[in-house]
Structures are given as C-alpha cells and as structure tokens.
Amino acid sequence: MNMPKLAVIILTKNEETNIVDCIRSADFADEIIVIDSGSVDKTKQLAEGLNAKFVYHAMTEGFADQRNFALTQTDAEWVFYLDADERVTPATAKIREIVNGGKQAVYSVRRENIVFGQRMYYGAHRPDYAVRLAPRQAICWTGKVHEGIQTNYPICKMTGYL
C-alpha cells in the first residue's frame, strides 16, 4: 500500500536565524519546500544544506499568492505549512498519522505564541489556531496579508501545538 506523500512548505525572507531549526523540526516530511521572496542572507544556503527544495518567488500579491504558488511546486498529496519561526513539537509530528489515516479534512493546529521571550497564556495571543495541514488539491488561499483558506472539506483540530 502506497502511503500519501507529505510536503512541508515554509515561506521565507531573510530567515537565516530560524530556518535550520524549522527544517529540522519537520524531518518527518517526504519533502521540504522553501518558498523565498528574496532573501539576501544565508537562508538559501542553509536550507539547501539540509536538502530542502529552495524556490524563489517574488511576493508581489501577498501571502495567499505565495501559499498558492507553493502548491504548484510539489506533487505531494498533502501539504503542511510552517512558518520559519515555528517548530513542530513531538505531539504535532503525528501529522504523518493523520495523512496516512486517509480522512479527507483540513486541519488547524494550536500555536503557542512567545512574545519577547514570554509565553502568552491570555488575550489576543491565546487560543491561536491556524489551518496548516490539508490535501493539496482541497485548498486555495485568499487575501493579501491576513490570508484565509477556501475549502469544501471539514476543518478539524490537530493535537499538539507549534
């Protein structure tokens, strides 16, 4: 039985301080794709040094356009979006179990926000859920800054957190 392929997609620009730990936290993926909007630091070298696919794409239409472009850069059945300053925790790394389970749904994950070195427990920073995991063909992103997802699939919550 062939297991579905999973790609982790990371949008970047000048993320040399974050990209290594981010990619390493996503080592469960079949493919890691970095969509970069014009880094002038060592983001490219560091990502490629960890065998990530690095693709330049100018950000002219906003984050939704970057996310939609990323969908064209893989043939994986599932995609998981990860910000360069985020890390996949061991509980969240069970993403592979969701993908292999075959349930056709889109998944949001809780983010534990750290602001100025302090974990946020209340206010606008908590609870914070973001849609991150989906079958590649089931989603389309809209919006320039605070992008959102369009899908006909149910949205479920994952366990764990970023």
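Visitor: Welcome me in gently, please: what do the buried residues of H3 pack against?

Guide: In this predicted model, the buried residues of H3 pack against E1, E2, E3, E4 and strand E9 (140–142). Helix H3 covers residues 63–71, and its buried residues are Ala64, Gln66, Arg67, Phe69, Ala70 and Leu71.

Visitor: Why is glutamine 66 called buried?

Guide: Glutamine 66 has a relative accessible area of 1%, and buried means under 20%. The value falls under that cut-off, so glutamine 66 counts as buried.

Visitor: What makes the link between glutamine 66 and histidine 57 a polar contact?

Guide: The side chains of these two residues come to 2.5 Å, and the cut-off for such a pair of N or O atoms is within 3.5 Å. The pair therefore qualifies on distance. Glutamine 66 also touches Leu11, Ile35, Ser37, Ala58 and Met59, among residues over four places away in sequence.

Visitor: How do you know that strand E2 is largely enclosed by the rest of the structure?

Guide: Six of the six residues of E2, which spans residues 31–36, are buried, so the strand is largely enclosed. Glu31, Ile33 and Ile35 point one way, while Ile32, Val34 and Asp36 point the other way. This fits a general pattern: in a regular strand, side chains alternate between the two faces of the sheet.

Visitor: What makes E1 and E2 a pair of strands?

Guide: Six bridges join strand E1 (residues 6–12) to E2, and two strands pair if there are at least two bridges between them. The count meets that requirement, so they pair, and they run parallel. Valine 8, for instance, stands opposite isoleucine 32 in E2. Between E1 and E2 the chain crosses through helix H1 (residues 19–25), in a right-handed β-α-β crossover.

Visitor: And what joins E2 to strand E3?

Guide: Four bridges do, and E2 and E3 (residues 53–56) run parallel. Four satisfies the requirement of at least two, so E2 and E3 pair as well. Isoleucine 35 has valine 55 in E3 as its bridge partner. Here the chain crosses through helix H2 (residues 43–49), and this β-α-β crossover is right-handed.

Visitor: Which residues have the most contacts inside the largest nonpolar core?

Guide: They are Val8, Ile10, Phe80, Leu82 and Leu133, in a core of 29 residues. H1 supplies the largest share of this core, four residues. Apart from it lies another core, of 18 residues, including Leu11 and Trp141.

Terms used: Residues numbered from 1 in each chain as written. Predicted model: local features only at pLDDT ≥ 70, side-chain atom pairs only at ≥ 80, totals over all residues. Heavy atoms only, no water. Buried < 20%, exposed > 50% of the residue type's maximum accessible area, 1.4 Å probe, protein only. Right-handed = clockwise from strand over helix to strand, strands pointing away. Core = buried A, V, L, I, M, F, W, Y, C linked by side-chain atoms within 4.5 Å. Contact = heavy atoms within 4.5 Å. Polar contact = N/O pair within 3.5 Å; in protein donor to acceptor, adjacent residues only side chain to side chain.
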